[in-house]
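Subject: Structure for you to look at

Hi,

Here is the structure I promised to pass on. Have a look at it first, then read my notes below.

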Amino acid sequence: MITTARVPADKPVRIAFSLNDSPDDTPPENTFPLAFPELEQQLQPLPPCHDSTESMEVFKQHCQIAEEYHEVKKEIALLEERKKELIARLEQAEKESMDAAQLTKEYAELTEENRTLKLAQMQCAEQLEKLRIQYQKRQGSS
């Protein structure tokens, strides 16, 4: 008996058939569903030969390796995300550090400018006082 079913194009398809007269409703022994659908097709564990214990052991080992591979890929993805977060934080800290250094430099420059202006103001005040005294002497002598 042949049965058909619609399968989305992006889903892997596994086809199994038998030449014996067994009913179609019982799955054949040698068909295994994709145990790791997120794993690339060429990395999927191949179904074992049920007559061989060595084949069964190899299949079990392959499944374990595939699980470990999946876990490592998940961990790598998490670490990549953490790396992005840390880089963003580092860039922010560097920007803040540069801002602080810029503000410190600007403060030093303004402090120096303030000192210079106070000195100039004091000199101008002294000069003004001298000019007043001279003016008063001229006014008094006239």
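Leu46 is exposed, with a relative accessible area of 66%, so it sits over the 50% cut-off for that label. Bear in mind as you read that this is a predicted model. Leu46 belongs to the segment before helix H1. Leaving out residues up to four places away in sequence, Leu46 touches Phe59 and His62. Its C-alpha atom is 9.2 Å from that of Cys63, and the two residues are 17 apart along the chain.

Cys63 itself is in helix H1. Is Cys63 buried or exposed? Cys63 is buried, because its relative accessible area is 13% and the cut-off for buried is under 20%. If you again set aside neighbours within four places in sequence, Cys63 is in contact with Phe36 and Pro45. Phe36 turns up once more in the largest nonpolar core, which has five residues: Phe36, Leu39, Phe59, Cys63 and Ala66. On a general note, nonpolar side chains tend to be buried together in soluble globular proteins.

Of those core residues, Phe59, Cys63 and Ala66 are also the buried residues of H1. There's a general point about helices to keep in mind here: an α-helix has 3.6 residues a turn, so residues three or four places apart point the same way.

Now for the helix as a whole. The protein's secondary structure comes to one helix and zero strands. H1 runs over residues 53-141, which is 89 residues. How far apart are its end C-alpha atoms? They are 130 Å apart, and this agrees with the 132 Å that the helix should span at 1.5 Å a residue. At the start of H1, a side-chain oxygen of Ser52 comes to within 3.4 Å of the backbone nitrogen of Glu54.

Further along, Glu112 also has its place in helix H1. Glu112 is partly exposed, with a relative accessible area of 40%. The Glu112 side chain makes a polar contact with the side chain of Arg115, at 2.6 Å.

You may wonder about the cysteines. Cys49 is partly exposed, with a relative accessible area of 40%, whereas Cys63 is buried. How many disulfides does a search of the whole structure find? The search finds zero. In general terms, a disulfide is a covalent bond between the sulfur atoms of two cysteines.

Last, some totals. The protein has 142 residues, and buried residues make up 6% of them. About 13,300 Å² of the protein is exposed, with carbon and sulfur atoms supplying 57% of that area. Among contacts between residues at least 6 apart in sequence, 25% join residues at least 24 apart.

If you want a place to start looking, try Cys63: this buried residue is part of helix H1, touches Phe36 and Pro45, and belongs to the largest nonpolar core.

Cheers

Key: Residues numbered from 1 in each chain as written. Predicted model: local features only at pLDDT ≥ 70, side-chain atom pairs only at ≥ 80, totals over all residues. Heavy atoms only, no water. Disulfide = S-S within 2.5 Å. Buried < 20%, exposed > 50% of the residue type's maximum accessible area, 1.4 Å probe, protein only. Helix = DSSP H or I, 4+ residues; strand = E, 2+ residues; numbered from the N terminus. Contact = heavy atoms within 4.5 Å. Areas by Shrake-Rupley, 256 points an atom, 1.4 Å probe, with all protein chains shown as cover. Core = buried A, V, L, I, M, F, W, Y, C linked by side-chain atoms within 4.5 Å. Expected span 1.5 Å × (residues − 1). Polar contact = N/O pair within 3.5 Å; in protein donor to acceptor, adjacent residues only side chain to side chain.
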